[in-house]
Amino acid sequence: MASAWASVRAHLRRAVGARTFDGWLKQLALGECDPVAGSVRLVAPSDFMANWVNTHFIDHLRQAWRATLPQIADVAIVAGAAATIVEEAPFAADPIVEAPVEAAPAVVEAVAGRSSQFEPRYSFDSFVVGKANEVAYNAAKTLAEGGPLAFNPLFLHGGTGLGKTHLMHAIGQEYLARHANARVLYMSAEKFMFEFVSAMRAKDTFSFKQRLRSADVLMIDDVQFIAGKESTQEEFFHTMNELISAGRRLVISADRSPQNLEGIESRILSRLSWGLVADVNPADFELRLNILTRKLEAMPNANVPHDVVMFLAKRISANVRELEGALNRVVAYANLSGKAVDVDFTQEVLADILRANQRRVTIDEIQRRVCDHYRIRQAEMSSARRAREVARPRQVAMYLAKQLTPRSLPEIGRRFGGRDHTTVIHAVRQIEKLRQTDAELDADVRLLIRQLEG
């Protein structure tokens with residue numbers, strides 16, 4: 001194995017260049033190896049170095065190992081304390097072993113700090129479909145199957161914990177299952193920005209661009225985080241163009257629709273809207289009930305009565321992640337305490353979550369609901385425009401923020417474009433007065449309150 005490692009190092013040095021090799025790869029050491037199982041662990045001197053090498057050079061490492069020892073299929077990078085270092089010859093004595101490089105194996109990249117593999121539990125089979133998410137699900141499934149597409153990119157949007165990331169992991173796994181040698185990359189927008197800035201500082205943007213633009217499927221999560229980052233948006237735009245022009249598949253997610261993304265260049269928004277925009281809405285009661293039922297089927301030893309399942313589906317409506325977490329918590333507490341699960345026990349165990357759900361309405365949600373109702377852009381909530389078709393909905397949103405959230409008047413004002421608290425007071429008084437005389441406005445407010453409260 002020491003001889004093979006010497007060959008791999010020589011191969012890497014030729015592949016990435018002496019300067020890059022000396023800066024990032026020369027410090028790697030050979031760790032635990034199991035040729036029979038086809039696995040090898042390489043040791044980096046720090047967590048930072050391990051993460052960096054895993055992010056930027058794992059495909060080069062896999063190619064080099066496969067060229068030297070074809071039975072090696074699993075290459076992992078770990079920090080120094082996590083593996084036993086195997087003694088090796090100094091690099092100066094490394095022999096140069098010429099060997100043909102095989103086609104790169106499937107490359108799957110996850111967010112920083114996570115495993116390089118997609119989450120197996122985030123599959124299409126485990127995704128519960130309902131009216132709130134069926135368009136997004138069907139679009140994701142179509143894209144993952146690899147056939148001809150009538151849309152590109154696919155833009156998924158919705159609040160936290162509603163299933164966007166689940167669908168992206170499912171796309172990655174399904175596409176790789178059907179196209180074993182494909183390159184599938186998944187990363188957060190924050191990671192995209194970090195890697196691009198690092199590449200600029202290292203004066204090596206070519207490698208960054210080549211890696212992303214050679215992907216068969218590129219998925220960028222939470223694109224709203226590049227808002228206001230001009231150089232990152234420039235690179236993101238050109239990456240999108242290259243992929244779409246080459247017929248490669250692009251999946252983007254955000255917490256809101258393209259029209260409501262602030263701080264993103266209009267040409268990017270136009271590109272995002274050009275494909276299929278699919279929203280992932282909050283789960284309705286029926287979908288929440290189905291999600292809990294499906295989860296309980298995977299927990300055969302959990303004894304949770306139907307009335308408790310109904311109680312959870314009714315009371316926890318913020319997002320699917322919190323709903324599943326609540327069920328896990330109830331089952332775990334029951335097992336640890338030896339108590340039977342009933343509604344009283346559930347209320348006791350989930351007291352903090354239930355209280356939080358009672359006051360869950362946020363200013364962001366109020367603004368989205370009001371903008372949807374009055375058919376205006378969410379950016380108008382913070383704009384300086386005073387036209388009636390914008391000013392009145394803005395006043396309604398301020399009024400609802402005062403009525404339905406615990407936020408102070410100055411806090412509310414700041415969320416509406418940095419307005420003074422006196423502006424909020426005026427808006428609240430104005431809407432209170434108009435509700436007494438304007439039946440249509442009063443009906444609008446009542447409808448919005450019902451929607452926001454559940």
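In this predicted model, helix 8 and helix 9 touch through a set of named residues: Phe208, Lys209, Leu212 and Arg213 of helix 8 meet Glu235, His238, Thr239, Glu242 and Leu243 of helix 9. The residues of this contact comprise three nonpolar, two polar and four charged ones.

The geometry of the two helices can also be described. The axes of helix 8 (residues 205-213) and helix 9 (residues 230-245) come within 10 Å and cross at roughly 40 degrees. Helix 8 is therefore oblique to helix 9. The crossing in which helix 8 passes helix 9 is right-handed.

Aromatic rings form a further topic. A pair of aromatic rings is described by the distance of the centres and the angle of the planes. The count of aromatic pairs in the model comes to seven, and two of the pairs, both tilted, are listed below.

| Pair | Distance between centres | Angle between planes |
|---|---|---|
| Phe118 and Tyr186 | 6.2 Å | 55 degrees |
| Phe196 and Phe208 | 5.7 Å | 45 degrees |

Phe118 lies in the loop between strand 4 (107-109) and helix 5 (134-145), and Tyr186 in strand 6 (residues 183-188), so this pair ties together parts that are 68 residues apart in sequence. Phe118 and Tyr186 are both buried.

Phe196 belongs to helix 7 (residues 189-201) and Phe208 to helix 8, so their pair ties together parts that are twelve residues apart in sequence. Phe196 and Phe208 are likewise buried. These two residues join Phe192 and Phe236 in one aromatic cluster. Phe208 is also among the helix 8 residues that meet helix 9.

Methods:
Residues numbered from 1 in each chain as written. Predicted model: local features only at pLDDT ≥ 70, side-chain atom pairs only at ≥ 80, totals over all residues. Heavy atoms only, no water. Axes fitted to C-alpha atoms, helices over the stretch in contact; angles between N-to-C directions. Helix = DSSP H or I, 4+ residues; strand = E, 2+ residues; numbered from the N terminus. Parallel < 35°, antiparallel > 145°, perpendicular 65-115°, else oblique. Left-handed = near helix turned anticlockwise from the far one by under 90°. Contact = heavy atoms within 4.5 Å. Nonpolar A, V, L, I, M, F, W, Y, C, P; charged D, E, K, R; others polar. Phe/Tyr/Trp six-rings, centres within 6.5 Å; stacked < 30°, edge-to-face > 60°. Buried < 20%, exposed > 50% of the residue type's maximum accessible area, 1.4 Å probe, protein only.
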